[in-house]
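Here is a short report on a ligand site and a sheet. Have the sequence and the model at hand while reading.

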Amino acid sequence: MKRSKKKQIVIVGAGLIGSVMAIALASKGFDVTVVDGAKHSDRVERNKGRTYALSRTSKNLLFNLGMWDPKKLNVSPIKNIVLSTKKDSDDLIHHLAEFNEESSSIEPSSYMIEDFYLRNMLASEINKNKKIQLLDSSEVIQDETNSFETKIMLSDKSSIRTEILIISDGRESGFAKRLNKRFFSKSYNQVAIVGNLSHDNAHNFTAHQIFLSGGPLAILPLQGKRSTFVWSLPVEIGKKLSDSKREKFINYLMDNAGDILSNPSLVGEKKIFPLYLRFLRESIDNRKIFIGDSSQAIHPLAGQGLNIGLRDVASLVDTLIKGKKLGLDLGSIDLLKTYESWRSFDRISLATYTDLINALFSNNNFYLKAIREFGMSAIEKSQLLKSFFTKEAAGEYGDLPDLLK
Ligand SMILES: Cc1cc2nc3c(=O)[nH]c(=O)nc-3n(C[C@H](O)[C@H](O)[C@H](O)COP(=O)(O)OP(=O)(O)OC[C@H]3O[C@@H](n4cnc5c(N)ncnc54)[C@H](O)[C@@H]3O)c2cc1C
């Protein structure tokens with residue numbers, strides 16, 4: 001095997017997180033190589049119809065990288081958030097709490113963004129950026145690390161050497177398995193069905209979260225008279241419902257969503273995801289850093305998975321800039337430890353928070369029901385708590401890295 005040239009930084013995975021990581025590092029003068037086992041068209045196809053709630057700080061990141069173009073990205077602001085409960089399809093919807101623009105600041109705390117537009121914008125930025133080299137259809141099959149470098153072996157039998165390896169290979173991270181990383185994991189015994197809808201009524205940019213006994217149903221505004229839904233359900237029911245014909249699915253959705261949508265119909269196909277928490281105890285390793293879903297995969301009920309990954313990105317950029325200024329080896333353990341301790345509070349608190357809310361709301365237990373209703377009326381009454389909750393949705397807490405400001 002020919003000895004390859006050593007690269008400054010290599011990223012494994014050109015998903016949304018790996019792509020933003022590459023662009024952010026290039027914007028600060030780093031040379032980056034990105035490898036992905038699939039090609040762009042396959043990544044687009046795999047994520048067709050997906051949407052994400054993007055927090056204000058994630059929006060700031062795209063803005064700071066010169067990529068926040070609401071028209072091109074077809075984004076939809078979230079101006080109101082309504083939380084409610086419903087015991088079963090015969091029960092009425094009980095209003096729990098509402099957050100609207102007035103209780104937040106001038107800007108919306110979050111935006112809905114569609115995968116197709118975001119992924120294509122990132123791909124075109126990567127293609128024209130001279131500091132980024134993208135190797136598509138190149139799966140990493142092996143790796144080895146010594147005191148000076150990490151070497152990855154690719155499926156085409158070539159290899160790449162690097163000072164630091166950033167791993168963003170997704171929630172089933174092959175890297176974490178190969179390195180025997182210790183992680184905390186828990187199945188939610190739920191699946192999420194996601195898809196898009198068109199309807200006759202205007203949504204008024206309101207995001208709804210209805211806590212049903214089997215799991216939360218989120219209905220979120222997209223541009224035009226369109227909405228997206230993320231419905232967490234027990235595995236058996238979810239699988240049956242996901243396989244059901246479109247009309248049956250819509251009827252069941254209407255039974256649970258009350259009169260939020262008028263005359264909805266499915267646009268495109270629905271997708272199903274198994275739900276679990278998977279959390280690396282340490283997101284660093286010898287000359288390696290895990291970011292995004294490979295580091296923490298959380299319950300989607302708060303719409304925060306991509307956002308927390310983007311906070312990994314921005315914090316890592318700040319850390320590597322400091323390392324470069326001090327002339328440090330970018331893969332040095334001291335530098336990686338600085339990053340790890342910066343990120344640990346956010347990672348642990350969001351994983352715990354989403355886990356607790358799901359446990360609290362996804363069943364019909366009388367005491368839990370009383371606690372959550374008491375909890376929500378406390379939120380409704382307290383302006384202080386309200387602003388804390390909107391800050392959480394906006395991602396504005398803790399020591400923010402520069403790119404998120
Ligand atoms: C139902 C659901 C709804 C969600 N809704 C929201 C939301 O509203 N808001 C939000 O913020 N987040 C949301 N999320 C979370 C969000 O989808 C993820 O956090 C995000 O997509 C993770 O991106 P990633 O780049 O880390 O991983 P991935 O998208 O999984 O990318 C991993 C990449 O690595 C590549 N790869 C893997 N192994 C290798 C290898 N060995 N060699 C080379 N390449 C490799 C893959 O081809 C892939 O391109 C949701 C998640 C789910 C399940």
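The text takes the ligand shell first, then the sheet and the helices on it.

The model is predicted.

**Ligand shell**

The ligand has 33 residues around it. Those that come nearest are Gly 13, Gly 15, Gly 170, Gly 292 and Gly 305. Helix H1 (16-27), strand E3 (51-55), strand E12 (183-198) and helix H9 (305-325) each give two or more residues to the shell. H9 gives the most, with 4 residues. By class, the shell residues are 15 nonpolar, 13 polar and 5 charged.

**Sheet**

Strands of a sheet pair through backbone hydrogen bonds, either parallel or antiparallel. Here 8 strands form an open sheet with mixed pairing. The order is E6-E5-E13-E14-E15-E12-E16-E19. Strand E6 (94-100) and strand E19 (296-297) are the edges, and each pairs on one side only. How do E16 and E19 run? They run antiparallel, joined by 2 bridges. Strand E16 covers residues 265-280. Phe 279 has Gln 296, in E19, as its bridge partner.

**Helices on the sheet**

Two helices, H7 and H8, are set out below.

| Helix | Residues | Strands involved | Angle |
|---|---|---|---|
| H7 | 235-243 | lies across E12, E15 (226-234) and E16 | about 30 degrees to E12 |
| H8 | 246-257 | touches E5 (80-86), E13 (206-212), E14 (215-222) and E16 | about 65 degrees with E16 |

Strand E12 links the two topics. E12 gives two or more residues to the ligand shell. E12 also stands between E15 and E16 in the sheet order, and H7 lies across it.

Key: Residues numbered from 1 in each chain as written. Predicted model: local features only at pLDDT ≥ 70, side-chain atom pairs only at ≥ 80, totals over all residues. Near = placed C-beta within 6 Å. Nonpolar A, V, L, I, M, F, W, Y, C, P; charged D, E, K, R; others polar. Pairing = 2+ DSSP bridges. Contact = placed C-beta atoms within 7 Å. Axes fitted to C-alpha atoms, helices over the stretch in contact; angles between N-to-C directions.
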